[in-house]
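Thanks for coming, everyone. I'll walk you through one structure today, with the DNA at the start and the helices at the end. Have a look at it first.

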Number of protein chains: 2
Amino acid sequence: MRNMSDIIEQYLKQLIQDSGGEVVEIKRAHIAEKFDCVPSQLNYVIKTRFTNEHGYTVESKRGGGGYIRITKVETHSKSEYLAHLKRLIGDGVSEQNANRIIQSMFENEVITIKEAKIINAAVERETLMLELPYRDTLRASILRRVIDVILYSEE
Amino acid sequence: MRNMSDIIEQYLKQLIQDSGGEVVEIKRAHIAEKFDCVPSQLNYVIKTRFTNEHGYTVESKRGGGGYIRITKVETHSKSEYLAHLKRLIGDGVSEQNANRIIQSMFENEVITIKEAKIINAAVERETLMLELPYRDTLRASILRRVIDVILYSEE
DNA sequence: ATAATTATAGTCAAAGAAGGTCAAAAGAGG
DNA sequence: CCTCTTTTGACCTTCTTTGACTATAATTAT
């Protein structure tokens, strides 16, 4: 693994798995010490790798007995999950968030790796040769349509 | 050996062979130092000798822990077929022709039915909310990129 | 009760660490 | 010479790491 953030990401995902695949609760300072980094690096890891788009929910509490709890979004109902993603996409979506959503669909086994790559290619910045407000709108349109198709072809 | 670019090309190909013939991951700056050249020369080598057409795919990441990964892809007659489709697409393609091309890929077993549906959804008229000369241009751009991905995401 | 202290977590911007782009300069071949 | 390829370097973009400062909760002292 190439850098601290990736390592911590893997570690946290492992913790989630080990505890039944749903949730994990950590002490920020404790993890930071374990990996010998500053505490705020945990915030960075969470902000870049455990977002809604990735399919996670994060709660936390400060002060004595504080914690950070990462919960994996329920994906038992595919249609619910995909509807959730469509809501996140809305009328516009950045490339970064699109990537996260596509990755989440792959990790939740709604699409294959090849399908993920195809969808990614279709919504890349260089592919959609458009200026900025429109590009994000178009990307959202494509993604929503693609998700609809995925939804159908699941049945 | 004639020049630095050729030498680096050979070196990288050797690395791929040594590691099982599939893939190699490098640090740009490290290779540049080894051959005493500027880092951007690596980009030149990659752009001129490790393209899709050459049968390679390249991924990279910037920032701490960054890397460049070159993967060799099997290239039989399929690449010829897909290159042909890309030529057909050119700078613009109607929805009808796009449908035909997608259908053809399915019939030739380069994509699954689900992949076909996904690609179709991505290039539909209603998805690409654009007026006519631009819509066909955009559709072509998406299709060409997707075909590139299909070309190298074969495992 | 209230205030002070301690224990956590959050934010944000700067610094650092890669890789990418582009065009000018240099070199090679015809 | 002229053209095509290669080499170089200045500048750009993206991702990560770090730390000072802030916000909030629990505990302890007054």
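One definition before anything else. A residue counts as near a strand if one of its heavy atoms lies within 4 Å of that strand. Keep that cut-off in mind. Also, this is a predicted model.

Let's apply the cut-off to DNA strand D. Of the strand D atoms within 4 Å of the protein, 65% belong to sugar or phosphate. The rest belong to bases. How many residues surround DNA strand D? There are 26. The closest are A:Gln41, B:Ser5, B:Gln41, B:Tyr44 and B:Arg62. What kinds of residue make up the surface near strand D? Six are nonpolar, 13 are polar and seven are charged.

Now some individual contacts on this strand. Start with A:Lys61. A polar atom in the A:Lys61 side chain sits 2.7 Å from a phosphate oxygen of DNA strand D. Next, A:Arg62. An N or O atom of the A:Arg62 side chain is 3.0 Å from a sugar or linking oxygen of strand D. Then over to chain B. The side chain of B:Arg49 has an N or O atom 2.9 Å from a phosphate oxygen of strand D. Which elements give two or more residues to the surface near strand D? From chain A, they are helix 1 (4–18) and helix 3. From chain B, they are helix 1 (4–18) and helix 3.

On to DNA strand C. Here 29 residues surround the strand. The closest are A:Asn43, A:Ser60, A:Arg62, B:Arg28 and B:Asn43. Among the strand C atoms that come within 4 Å of the protein, sugar and phosphate account for 63%. By class, the surface near strand C has seven nonpolar residues, 14 polar and eight charged.

Look at position 43 in each chain. In chain A, an N or O atom of the A:Asn43 side chain is 2.7 Å from a phosphate oxygen of strand C. In chain B, a polar side-chain atom of B:Asn43 lies 2.7 Å from a phosphate oxygen of strand C. And where does the side chain of B:Arg28 reach? One of its polar atoms lies 3.0 Å from a base nitrogen of strand C.

Which elements supply at least two residues each to the surface near strand C? In chain A, they are helix 2 (28–34), helix 3 (40–49), strand 2 (56–61) and strand 3 (67–72). In chain B, they are helix 2 (28–34), helix 3 (40–49), strand 2 (56–61) and strand 3 (67–72).

Now the annotated domains. UniProt, in an unreviewed entry, lists "domain: CtsR N-terminal HTH" at residues 3–74 of chain A. That span is 44% helix and 22% strand. Its end C-alpha atoms are 29 Å apart. The unreviewed UniProt entry also places "domain: CtsR C-terminal dimerization" at residues 78–147 of chain A. This span is 74% helix and 0% strand, with end C-alpha atoms 11 Å apart.

Last topic: helix pairs. Within chain A, the axes of helix 5 (residues 95–107) and helix 6 (residues 113–123) come within 9 Å and cross at roughly 165°. So these two helices of chain A are roughly antiparallel. Their crossing is right-handed.

Then a pair between chains. The axes of helix 7 (residues 132–152) of chain A and helix 6 (residues 113–123) of chain B come within 8 Å, crossing at roughly 150°. So helix 7 of chain A is roughly antiparallel to helix 6 of chain B. That crossing is right-handed.

Technical notes:
Residues numbered from 1 in each chain as written. Chains lettered and ligands numbered in written order. Predicted model: local features only at pLDDT ≥ 70, side-chain atom pairs only at ≥ 80, totals over all residues. Heavy atoms only, no water. Polar contact = N/O pair within 3.5 Å; in protein donor to acceptor, adjacent residues only side chain to side chain. Helix = DSSP H or I, 4+ residues; strand = E, 2+ residues; numbered from the N terminus. Nonpolar A, V, L, I, M, F, W, Y, C, P; charged D, E, K, R; others polar. UniProt positions renumbered as here; feature names shortened; annotations may be inferred. Axes fitted to C-alpha atoms, helices over the stretch in contact; angles between N-to-C directions. Parallel < 35°, antiparallel > 145°, perpendicular 65-115°, else oblique. Left-handed = near helix turned anticlockwise from the far one by under 90°.
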